[in-house]
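Reader: I have a model open and would like to go through it with you. Could we take the backbone first and then move on to other topics?

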Amino acid sequence: MFLINCPYCGERDQQEFKAGGEAHIERPKQPTELSDDEWAEYLFMRKNIKGVQFERWNHAHGCRKWFNMVRDTSNDEIKAIYKMGEKPPTQ
Amino acid sequence: MTKNLRVKSSEYIDETNRISFKFNGKTYHGFKGDTLASALLANDVHLVGRSFKYHRPRGIMTSGSEEPNAIVQINPGTNRTEPNVRATEVEIYDGLEASSQNCWPSVEFDIGGINNILSPFFPAGFYYKTFMWPASFWKKYEFFIRHSAGLGKSPTSSDPDIYDHRNVHCDVLVVGAGISGIMAAKNAAKNNFKTLLVEEKNELGGSTIYENNEFNKIDNKAPSEWLKKEIEELKNIKNLEIKTRTSVAAYHQYNYLLARENLTDHLEAKDKTNKIRQRLLKIRAKKVILATGALERPLIFNNNDRPGIMLSSAVKKYSEFYGVACGSKNVFFTNNDSAYESALSLYNKGINVEALIDIREQSESKIVKKVKEAGIKVYWSHTIVDTVGYKRLNSISIMKLSNDGTSVTGSKISISCDCLGVAGGWTPAVHLYTQSGSKLKFDEEKKVFVPNQNTSEQISVGSCDGDFKIDEIIKNLNHKLKDALNIKETNLDNIKVEIDQENSKRNIWLLPSDKPIGKTKPFVDYQNDATAKDIKLALREGFRSIEHVKRYTTTGMGTDQGKLGNMHALGIIADTAGVKMGELGTTTFRPPYTPLTFGTIVGRNVGKFFDIFRRTPMNDWHVENKAEFENVGQWKRAWYYPINGETMHEAVQRESKAARESAGILDASTLGKIDIQGSDASEFLNRVYTNAWSKLAIGKCRYGLMLNEDGMVYDDGVTTRLGENHYIMTTTTGGAANVLGKLEDYLQTEWPELDVYLTSVTDHYATASLCGPNSKKILKKIIPDLDLSDENFPHMSFKESKIGNVQCRIMRISFTGEHSYEINVQASYGKDLWEKCIEAGKEFNITPYGTETMHLLRAEKGFIIIGQDTDGTMTPIDLQMDWIVSKKKYDFIGKRSLYRSDTMREDRKQLVGLLTDDPNIVLEEGAQIVSELNQSPVEMLGHVTSSYFSPNLKKSIALAVVRGGKDMMGKKLFVPMENKNINVTVANPVFYDEKNERLNA
């Protein structure tokens, strides 16, 4: 059970949160211009990395805010947490 | 007449407090402070159970939670009975009853013992190999296998006890109150860390508290004396909480630990009532100090499982701590010095020690010399090759061990004995450490796995970190504490430690016998009867992974999780396969460390607290009027209102007719309601619904369909424009929370530029839905001032009004196809509103109806229910709802997906109506639909999603999804059922009032 440092509320138990999959996949601005393949790439394809992964999380049973998390999926170490719209940490 | 083996008194046993208890129906006596195991041993009872597979007689082996054999049923036949309890952990109290498990008719004479004689026919993998053929026989085999599987009996009546959960937060959690744990907790607390010390036993001090090696000294005192003083001082330390009888079951990531606190298990029945029996502590610790100690290993030799064969350390604890001699003719068998401490402990108490068998060539430590001086015979370089005694050990045979330790030589010597203490060295208890995700390494010299890579803020101290000597423990503990807690000094800085032990140890995982291995029974896992022979067989059959060998042989898979034998299993595998221990890794230790009761796991979430439920403000009225309820998500919704013993069908037929003929009323409070405000609210709705919203006038309502990005229908509902920048959206009852979550997601992450605010107001409003041709007259009676003419208040519009002084929002919208109104008031006025409607509707025979009638009425109109007629694979086009999908809008959620090649296929499953050729046959929801009956295999075209007998149409109607159904209007299809084929015809899904004339009736 993770201890997640919500950027708005502080440290809270994992059970207050909902995982939202891979981060930084932007919804295409002009979906109608895309081919089936390009749209499918956005819609279905996810990396599911073993190792350091950028993810979206939602403080569903708290402030309801979405934020980003950098997590090593192999040992569940949370390396960074940052707000939506903020630049992902490089290291 | 049983022997009394109580020896010189112990300060931990209160001999003035005599306790009587029953074991297998016979009454015995013990003293306050005894465990069931120590009390039985004092009465010379060793045989306490039968093993799982061979039903071999088994005795008490250990003195702690690692016990594999002495597994008993506590208080059998009562509502407090508990199976698989370790006798070594049960504190006795007056009236305690316990019985042996896995034996019939009794532990003394067990029919299953035949398995022992047949054991050559039960090798590893016996079940997998034997019950494969013929495959069709499995059902027959299963009956017998199930019958003989399992240990103990579960209670048959409900548990009378109370269980509890508690969240605990601390700076430092110390697990285990041996010498290391106590000193760690003391120093942490003294340095202002909020500290919690937990100990599974009822006494603090671990094994040091009865340490008797006269050559070990701390500050010139016996370690036990020194530690007692330290424990005494704990009482006065602030910041320190101590919990005994508390066992940590699980150590999860981020220092989240679960511990079970036992509060009443040691009390007499009369003192258990109305108290919390066990409490689950959910601990979040900033730092964790593991001081879980070490478990003594047995030695693996032929017939090493007989009652009377115990761990050497257990023999010592029973004598020193409980004042019990485990036998009158004791022998020890060892590969290191610790058995000499046990032997001397017995000798000093006047208990007879016959001999020591040591597989080493020699040892020079002082304690060994002392044993020799005591005149106890030591057989160096000898091993036990066999033991004799079915229900109790009566002799052992020993032979000289060869230099390489793989065979025996010379002649056999037989030694008569009734108790054998076995000492195979110590294994650090690293179970919790590895549960946390941390990694071990194998220490070649000590032949143990020790902590290596910590993954969280944790340290392991004392013998669980591989330090077995007191001087090592104190020295390492001191610098580990300073590092972990970032403190400069501790009270360990100036401690003077003298020790004797020599660390020599000769490790042989499997000891040889004069017989070939095939003819021996060297048990590795006592509880599951896995022998070294089984492990070797698994390797011969090609198993290599330790995890596979474990499952194939069942080694380590009992309720004790193989705490004693796992290391030997690994060692035997390594030796046989010719690899190093470190390369093999170890099996995964999984929580719980010791078994948890279901009560502890569920805590207070039983009975009516089992799950959360939500009730509407009108709930009391529904209850008073005898409604039946159905669960919709967490809501309890009125399902139907039977009168005069009506069946559900009868009630629903009556309610449905009444709603169309005169007036009906439905509690619609559970529908999700989201208040949407902001200057971009219209634009936002444009993006989340498939239809256009910008031109919706203030005061008007519109039905909307919401898709997922994959184009599949997700939710639906009516949204009303309350003001220029203010809407109220309704969602399905079950979808409310998810819809809000999804909308928030898009607002926060994709469209943060939109000025929109979402608030859930589901619980803030109560909604009564008034429907039927007389609904207008009823509403007129309640609000005489409101102009209800079609010109002023047409279908799909909204009015704000007042009922008396109560503000209300009224939408003229309809889910039944009838003229109807949804009246919303503040939740607290909900019941009042409902009663007013009922009162005003009396003259029109207003009929309350529940969800079932609602479903029927909407099915007559062909209105879909999300989740019933859709299943996450239906697009609006599949639902034949093309009319609601805007062609003009540039984008909305899911739009692009409606033009994917797959979603544009003509042969997708599409929603259609179905009419049975016989109007009295009602189809089963979920029934499959086919077009050919004589095909093999028959092609399934789809299934029935909704089906009812319509009292208004006087025939059966159904909705279904059928492949290519859109173009099948009028086509004959079949619904094959168990004993008949039902002929159906594809029809328009709108069965009733196709022209919507009744909306304005």
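Reader: Is B:K626 buried or exposed?

Author: In this predicted model, B:K626 is exposed, with a relative accessible area of 59%.

Reader: Where does B:K626 lie in chain B?

Author: B:K626 sits in the loop between α18 (619-624) and β31 (628-632) of chain B. Its backbone has a positive phi of about 60°, although B:K626 is not a glycine. Most residues other than glycine have a negative phi.

Reader: And A:D76, what about its phi?

Author: The phi of A:D76 is also positive, at about 60°, and A:D76 is not a glycine. A:D76 belongs to the loop between β5 (66-72) and β6 (77-83) of chain A.

Reader: Buried or exposed, that A:D76?

Author: A:D76 is buried, its relative accessible area being 16%. The cut-off for that class is under 20%.

Reader: Staying with the backbone, which peptide bonds to proline are cis?

Author: The bond from B:P591 to B:P592 is cis, with omega near 0°. The bond from B:S936 to B:P937 is cis as well, with omega near -5°. In general, most peptide bonds are trans.

Reader: In which loops are B:P592 and B:P937 found?

Author: B:P592 is in the loop between α16 (581-584) and α17 (598-602) of chain B. B:P937 is in the loop between β45 (928-929) and β46 (942-950) of chain B.

Reader: Changing topic: how many residues of chain B are in contact with chain A?

Author: On the chain B side there are 28 residues, and they contact 29 residues of chain A. Between them the two chains bury about 2,400 Å², with 44% of that area on carbon and sulfur atoms.

Reader: Which three residues supply the most of what chain B buries there?

Author: They are B:Y254, B:Y890 and B:R896, which supply 28% of the area that chain B buries against chain A, more than any other three residues.

Reader: How many salt bridges are there between the chains?

Author: The count between chain B and chain A is six salt bridges. One of them joins the side chains of B:E744 and A:R64, at 2.6 Å from N to O. There are also 21 residue pairs in polar contact between the two chains, both residues being at pLDDT 80 or more.

Reader: Which element of chain B gives the most to that side?

Author: Helix α21 (residues 736-750) gives the most, with eight residues on the side of chain B that touches chain A. By type, the residues of that side divide into 10 nonpolar, eight polar and 10 charged.

Reader: What about disulfides: how many are there over all chains?

Author: A search of the whole structure finds zero. For B:C326, the nearest cysteine sulfur is that of B:C419, 5.1 Å away, whereas a disulfide requires sulfur atoms within 2.5 Å. B:C326 counts as buried, at 2% relative accessibility.

Reader: How far is B:C464 from the nearest cysteine sulfur?

Author: The nearest cysteine sulfur to B:C464 is that of B:C170, 17 Å away, and B:C464 is in no disulfide. B:C464 counts as buried at 2% relative accessibility.

Reader: On to B:R277: buried or exposed?

Author: B:R277 counts as buried, at 7% relative accessibility. Its place is in strand β14 (residues 276-290) of chain B.

Reader: What does the side chain of B:R277 make a polar contact with?

Author: Its partner is the side chain of B:D265, at 2.6 Å. Leaving aside neighbours within four places in sequence, the residues in contact with B:R277 include B:E82, B:D161, B:Y163, B:E261 and B:T597.

Reader: And B:G113, which residues does it touch?

Author: Not counting residues up to four places away in sequence, B:G113 touches B:R50, B:Y54, B:H55 and B:Y390. B:G113 lies in the loop between β7 (97-100) and α2 (114-117) of chain B, and it is buried, with a relative accessible area of 7%.

Reader: Last one: how many helices and strands are there in chain B?

Author: Chain B has 24 helices and 49 strands. Of its 1001 residues, 59% are buried. Its C-alpha atoms fill a box of roughly 115 × 70 × 55 Å, taken along the principal axes. Among contacts in chain B between residues at least 6 apart in sequence, 66% join residues at least 24 apart.

Methods. Residues are numbered from 1 along each chain as its sequence is written. Chains are lettered from A and ligands numbered from 1 in the order in which they are written. Side-chain values use heavy atoms; hydrogens and water are left out. Contact means heavy atoms within 4.5 Å. Buried area is the accessible area (1.4 Å probe) that two parts lose on being put together, summed over both. A salt bridge is a side-chain nitrogen of Lys or Arg within 4 Å of a carboxyl oxygen of Asp or Glu. A polar contact is a pair of N or O atoms within 3.5 Å; within protein, one must be able to donate a hydrogen and the other to accept it, and residues adjacent in sequence count only if both atoms are side-chain atoms. Helices (H or I, at least four residues) and strands (E, at least two) are DSSP runs, numbered from the N terminus. Ala, Val, Leu, Ile, Met, Phe, Trp, Tyr, Cys and Pro count as nonpolar, Asp, Glu, Lys and Arg as charged, and the others, Gly among them, as polar. Buried means under 20% relative accessible area, exposed over 50%, partly exposed in between (1.4 Å probe, protein chains only).
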